[in-house]
Amino acid sequence: AYGIYVRHVRNISLHNVRLDYEIVEKRPALVFDDVEGLGLTYLSLEEPSGDGPSVVYKNTSNIRSDRDY
């Protein structure tokens, strides 16, 4: 991730977070791996170049968000 990588965590929330980059970036902004209980609201994420997603979820459950990230 070019921004935040979260692993082996329970009950985390990100609120009002902005992530961007100055040079071309192909990695996702956020990666969540083995997370149970995730809240995402009011995020502003610069899309990675190419076809990759902005957010990657691996073994993540109980996701609450204000929109699809």
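In which strand is the place of V31? The place of V31 is in strand β2, and this residue offers a convenient way into the structure. The model is a predicted one.

Before V31 is taken up in detail, the chain as a whole should be introduced. The protein chain contains zero helices and four strands, and the order of these elements along the sequence is β-β-β-β. The radius of gyration of the protein chain is 12 Å, close to the 11 Å that the globule rule gives for 69 residues, so the chain is as compact as a globular protein of that length. Along its principal axes, the C-alpha trace spans about 30 × 20 × 15 Å.

The contacts and the surface complete this overview. Among contacts between residues at least 6 apart in sequence, 74% join residues that are at least 24 apart. Of the 69 residues, 36% count as buried. The accessible surface of the protein chain comes to about 4700 Å², and 44% of that surface belongs to carbon and sulfur atoms. As for charge, the protein chain has 8 positive and 11 negative side chains, and the centres of the two sets lie 4 Å apart.

The account now returns to strand β2, which spans residues 30–45. V31, whose place is in this strand, has a relative accessible area of 6% and is therefore buried, the cut-off being under 20%. When its neighbours within four places in sequence are left aside, V31 is in contact with A1, I4, Y5, V6 and V56. The separation of V31 from H15 can be stated in two ways: the two residues are 16 residues apart in sequence, and 16 Å apart in space from C-alpha to C-alpha.

D33 also has its place in strand β2. Is D33 buried or exposed? With a relative accessible area of 12%, D33 is buried. Apart from neighbours within four places in sequence, the residues in contact with D33 are Y5, V6, R7, H8, K58, N59 and T60. Y5 and V6 thus appear among the contacts of D33, and they are also among the contacts of V31.

A further buried residue is found outside the strands. S54 lies in the loop between β2 and β3, and its relative accessible area of 9% places it among the buried residues. Its contacts, again leaving aside neighbours within four places in sequence, are P28, A29, L30, L45, E47 and P48.

The aromatic residues form the next topic. A pair of aromatic rings is described by the distance of the centres and the angle of the planes. How many aromatic pairs does a search of the whole structure find? The search finds two. One of them is formed by Y2 and Y21 and is edge-to-face, with 5.1 Å from centre to centre and 80 degrees between the planes. This pair links distant parts of the chain, since Y2 belongs to the segment before β1 and Y21 to the loop between β1 and β2, 19 residues apart. Both Y2 and Y21 are buried.

F32 and Y57 form an aromatic pair that is stacked, with a centre-to-centre distance of 6.0 Å and 15 degrees between the planes. Here too the pair links distant parts of the chain: F32 is in strand β2 and Y57 is in strand β3 (residues 55–58), 25 residues apart. The accessibility of each partner can be given as well. F32 counts as buried because its relative accessibility is 0%, whereas Y57, with a relative accessible area of 31%, is partly exposed.

Two residues remain to be described for their backbone angles. N16 is found in strand β1, which covers residues 4–19. N16 has a positive phi of about 60 degrees although it is not a glycine. In strand β2, Y42 likewise has a positive phi, of about 55 degrees, and is not a glycine. Are these residues buried or exposed? N16 counts as exposed, because its relative accessibility of 61% is over the 50% cut-off. Y42 counts as exposed at 55% relative accessibility.

Strand β2 therefore holds residues in contrasting surroundings: F32 counts as buried at 0% relative accessibility, while Y42 counts as exposed at 55%.

Methods:
Residues are numbered from 1 along each chain as its sequence is written. This is a predicted model: local features need pLDDT of at least 70, side-chain atom pairs count only at pLDDT 80 or more; totals for chains, interfaces and linings use all residues. Side-chain values use heavy atoms; hydrogens and water are left out. Helices (H or I, at least four residues) and strands (E, at least two) are DSSP runs, numbered from the N terminus. Buried means under 20% relative accessible area, exposed over 50%, partly exposed in between (1.4 Å probe, protein chains only). The radius of gyration is taken over C-alpha atoms; the globule rule is 2.2 Å times the number of residues to the power 0.38. Contact means heavy atoms within 4.5 Å. Accessible areas come from the Shrake-Rupley method with a 1.4 Å probe; for residues, only the protein chains shown count as cover. Lys and Arg count as positive and Asp and Glu as negative; His and the chain ends are not counted. The place of a charge is taken as NZ of Lys, CZ of Arg, CG of Asp or CD of Glu. Rings of Phe, Tyr and Trp (its six-membered ring) pair if their centres lie within 6.5 Å; planes under 30 degrees apart count as stacked, over 60 as edge-to-face and the rest as tilted.
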